[in-house]
Amino acid sequence: GVGGTGGGTVCEPSSQMPCYDGTPGTANVGKCQMGVATCTPDGMGYGPCLGQVTDAPEDCSTPLFDENCDGAENEGCPGEHLAIVAAAPPGYADEVRNYLMATGSFEIITIYDASTSTPALADLQSNQSVLVFSDKVFLDPVALGNVLAEYYDGGGRVVLAIFSTVGAGTRVQGRFGDPAGPYTITDTTGAYSTPADDSLGAVIEPQNRLMRNVTTFNYKSSVKSQGGVINSGVVVAEWASGLPLIVRGTIGNRNRVDVNFYPPQTQSAMTAWTGDGVAILRNAVLF
């Protein structure tokens, strides 16, 4: 027999071989993975292909996955629309929009200045995701938190970045910012850290899609939230100082992410960063 032990058998009993039943050329591309087939005890053939992940039509709700395993994510899907809801000095949100647009992952990025007005639910609902950050006071942090909760309940993704998770007027409040849950995954009672240089530390979940293309990150004179995780939040990566850097949670069977740094890269001399911060934010809002 072929690769077998003779006597009409075709394989060595209990021996294993790689297998794949998907479209040729898609194995080990995107989410697709080969499986393993085990020779039957009588040596007359191999059993089913176990553990394989085969190609499927693209799922437009999961932009970080390549379901049809052709090397491209979400082709044929509507372009991603992102809302940046910020309370920050002029130009700061524009810088974040510009570098995220340069990734090619977004069709439209719209900025809302939450220091002067609170975006309406209808405004947010034209976007698949919302990124929130601040270093000025929100006009109405309670109303903002309430509309973010409505938006999330309707299927939108919400990512909170510094300083929208910490502080009095800079923190999102209302339903979305309520530490009793369910939306809040960073402890809102955490104080600001002392300004100090910091860098990417321990990566607890290196295979997580939130860490895609993230290898270095350095933060100058950084001020961060010292809050730990609550409501079943999980730390994906830490700062070298030990504080959380990327936190994920599952709320309503969907992903929630907080990132513990200030998104503008160069505008604020006190919190300038270098490295893969763009990748961190891109991954977070698409997670």
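**Cores, cavities and one helix**

Reader: What does L131 touch, leaving out its neighbours in sequence?
Author: Not counting residues up to four places away in sequence, L131 touches L82, A83, I84, V85, V96, L100, V159, A161, L281 and V285. Touching is contact, that is, heavy atoms within 4.5 Å. This is a predicted model, in which local features need pLDDT of at least 70 and side-chain atom pairs count only at pLDDT 80 or more, while totals for chains, interfaces and linings use all residues. Residues are numbered from 1 along each chain as its sequence is written, and side-chain values use heavy atoms, with hydrogens and water left out.

Reader: Why is L131 said to belong to a nonpolar core?
Author: The term covers buried Ala, Val, Leu, Ile, Met, Phe, Trp, Tyr and Cys residues joined through side-chain atoms within 4.5 Å; buried means under 20% relative accessible area, exposed over 50%, partly exposed in between (1.4 Å probe, protein chains only). L131 is a member of the largest such core, which has 45 residues, and together with L100, F133, I246, V259 and F261 it touches the most other members. Helix α4 (residues 277-286) is the greatest contributor, with seven residues. Another core lies apart from this one; its 24 residues include A114, V158, F176 and I185.

Reader: What makes the buried residues of α1 lie on the same side?
Author: Helix α1 (residues 92-101; a DSSP run of H or I of at least four residues, whereas a strand is a run of E of at least two) has Y92, A93, E95, V96, Y99 and L100 buried. The directions from the helix axis to their C-beta atoms cover an arc of only 160°, so they fall on the same side of α1. Among the elements that cover them are β3 (81-87), β5 (129-134) and α4.

Reader: How many cavities are there, and what makes a space count as one?
Author: A cavity is a set of points on a 1 Å grid over the protein atoms alone where a 1.4 Å probe fits but cannot get out. Two cavities of 30 Å³ or more meet this rule. The largest holds about 70 Å³ and the second largest about 60 Å³, each volume being the space filled by probe spheres set on the points.

Reader: Which residues line the largest cavity?
Author: Its lining, residues with an atom within 4 Å of a point, consists of L160, I162, T165, T186, S225, G227, P244, V247, D258, V259 and N260. Five are nonpolar, five polar and one charged. Asp counts as charged, so D258 is the charged one. The elements giving two or more residues are β10 (244-251) and β11 (254-259).

Technical notes
1 Å grid on protein atoms, 1.4 Å probe; cavity = no way out; pocket = protein on both sides within 12 Å on 5 of 7 lines; lining within 4 Å.
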